[in-house]
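Open the model in your viewer and keep the selection tool ready. We will go from the whole chain to a pocket, a cavity and a sheet.

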Amino acid sequence: MNHDELTTFVTELADDLAPTAVGSGTGVGALLASAEAIADDKAVLGVMVTAVRMGNIASYLLAAATARAEAIGIPVRHRLKNGRDLLRELPLAPATINRVARLAQHLDDLPNLVRDVRDGDLTVEHADAVIRGLDHIATRMGADGFTEVRDKTASTLLAHARIDQPAQVMEKARELGHELAPLDPPSTPPADNPSLNQASISRTDEGRVTVEADLDQLSGEKLHTALDALAKPTPAPDGSPDPRPRAQRTADALVSVITAYLASRNRPTVGGIVPHITMTVPLPVLVPDSPLGEAHAARLGFTGSVSADTAREIACGSAEVAALITADSVPLDAKRTQRFVTGTLRRALEARDGGCQFPGCGRPPAWCEGHHIKHWADGGETNLKNTVLLCSLHHHTYVHGKGWNIQIGFDGHPWFQSPEGGDWIRCHNRRSLTLADHAAA
């Protein structure tokens, strides 16, 4: 079938699938030419299966043509290195180019795999998973040891490729690699090599921070373990489901781990200095009616200028923050006796609250920040009667973000009220006590 014949065949098949193509085709077209035919599941599903098989066969033809082009020297004559460079001249995605090129290299030594692709029974993605899986096992065993088990291993992976997804085929290959590797393997697998670890932290134009990491398996397992419990859905006080999607819960969990580390009294020092967030902020940002002049933007040590709202949240009492308050760039001691919940007050607060006191939470003290019930900028004192332990989620998202109200009740413990008003709710530690319905003394 030449190019024109192939184009005609595909065009007719596409026309047959159009609901408006009444009488325009034969075979499938005849079945789809009426409302009754369009509802024929078997016909439509048959076309879908045929299209998938055609795509698989096309992948084989492209790989075979690439191998043939290399054999007769076409890339060299076009001043290219190999068939992969020839594929780059075609309108193909880089991932597709890599898969087809790898398949082209194994047309002769993996006959069963190639036959499945050629017959349309296996996608190039599944075939590529088998090829990459075999390469992975070979690196674990060494060339001599792998030769003896190559055919059997290829058959095992191909059997999995016929019923599993490519990722599952690769997982089976890693499992076989662990089983077959000698006690002294010739190389360290990438999953076990921490020297390959990479991470980057960058700031976007909008001021957000993007984190990317590529970790070895053990480090990744530690990260999953640290975040998994913290990323589970947290029901709202009324019992409704957590509205946060999984990605947001994972990000919040990561922030909680970082917050707990910075709040730890035993965290390592850097040059004798305990790591902490540093914020430089003019006093008028925190106290709008300050007589010290016009407010300028606050700045954080690594990420630069920050909004006034965020500066006030930071000043609210995060235990890991050290703020240098300035006016006209001159250091100024503007603390109202004590701004941050530290030392003896922190220990007293932990003894009273024992963890996040937002109803239904209860995360341990190490995950919590000291929140000023009456904001410091509004004249609030830093003492036991004006502070409460809150985890990062409920501190910033619920209290500062959604406007939940807090007060210390007649019992000396925090009580909470939703932004819509209504009854005051007991704090987490006292949720099961049978006291008065309201916090008012």
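Start with the whole protein chain, which is a predicted model. Of its 441 residues, 35% are buried. Now switch on the surface. The chain exposes about 25,400 Å², and carbon and sulfur atoms supply 55% of that area.

Next, show the cartoon. The chain has 17 helices and twelve strands. Look at how distant parts of the sequence meet. Take the contacts between residues at least 6 apart in sequence: 51% of them join residues at least 24 apart.

**Stop 1: the largest pocket**

Select V209, V255, I258, I277 and T303. Of the 44 residues that line the largest pocket, these five lie nearest its centre. The space here comes to about 2,200 Å³.

Now colour the elements around the pocket. Begin with the strands β1 (198-203), β2 (209-214), β3 (277-282) and β5 (304-306). Add the helices α13 (246-263), α15 (308-315) and α17 (392-401). Each of these seven elements supplies at least two residues of the lining.

Which element gives the most to the lining of the largest pocket? Select α13: this helix contributes eleven residues, the most of any.

Colour the lining by residue class. You should find 22 nonpolar residues, 15 polar ones and seven charged ones.

**Stop 2: the largest cavity**

Hide the pocket. One cavity of 30 Å³ or more is counted in this model. The largest cavity holds about 30 Å³ of space.

Select its lining in three steps. First take T234, P235, A236 and P237. Then add F358, P359, G360 and C361. Finish with H394 and Y398.

How many charged residues does the lining of the largest cavity have? There are none; the lining has seven nonpolar and three polar residues.

**Stop 3: a three-stranded sheet**

Move on to residues 405-408, which form β10. Add β11, residues 414-417, and β12, residues 425-426. These three strands make an open sheet in the order β10-β11-β12, with antiparallel pairing. β10 and β12 stand at the edges and have a single partner strand each, so one side of each is left without a neighbour in the sheet.

Turn on hydrogen bonds. Strands of a sheet pair through backbone hydrogen bonds, either parallel or antiparallel. Between β10 and β11 there are four bridges, in the antiparallel sense.

For a last click, pick I406. Where is its bridge partner in β11? Select F416: this residue is the partner of I406.

Note on methods: Residues are numbered from 1 along each chain as its sequence is written. This is a predicted model: local features need pLDDT of at least 70, side-chain atom pairs count only at pLDDT 80 or more; totals for chains, interfaces and linings use all residues. Side-chain values use heavy atoms; hydrogens and water are left out. Two strands pair if DSSP finds at least two bridges between them. Buried means under 20% relative accessible area, exposed over 50%, partly exposed in between (1.4 Å probe, protein chains only). Contact means heavy atoms within 4.5 Å. Accessible areas come from the Shrake-Rupley method with a 1.4 Å probe; for residues, only the protein chains shown count as cover. On a 1 Å grid over the protein atoms alone, a cavity is a set of points where a 1.4 Å probe fits but cannot get out, and a pocket is an open set with protein on both sides within 12 Å along at least five of seven lines; lining residues have an atom within 4 Å of a point. Grid points are joined across faces, edges and corners, and a volume is the space filled by probe spheres set on the points. Ala, Val, Leu, Ile, Met, Phe, Trp, Tyr, Cys and Pro count as nonpolar, Asp, Glu, Lys and Arg as charged, and the others, Gly among them, as polar.
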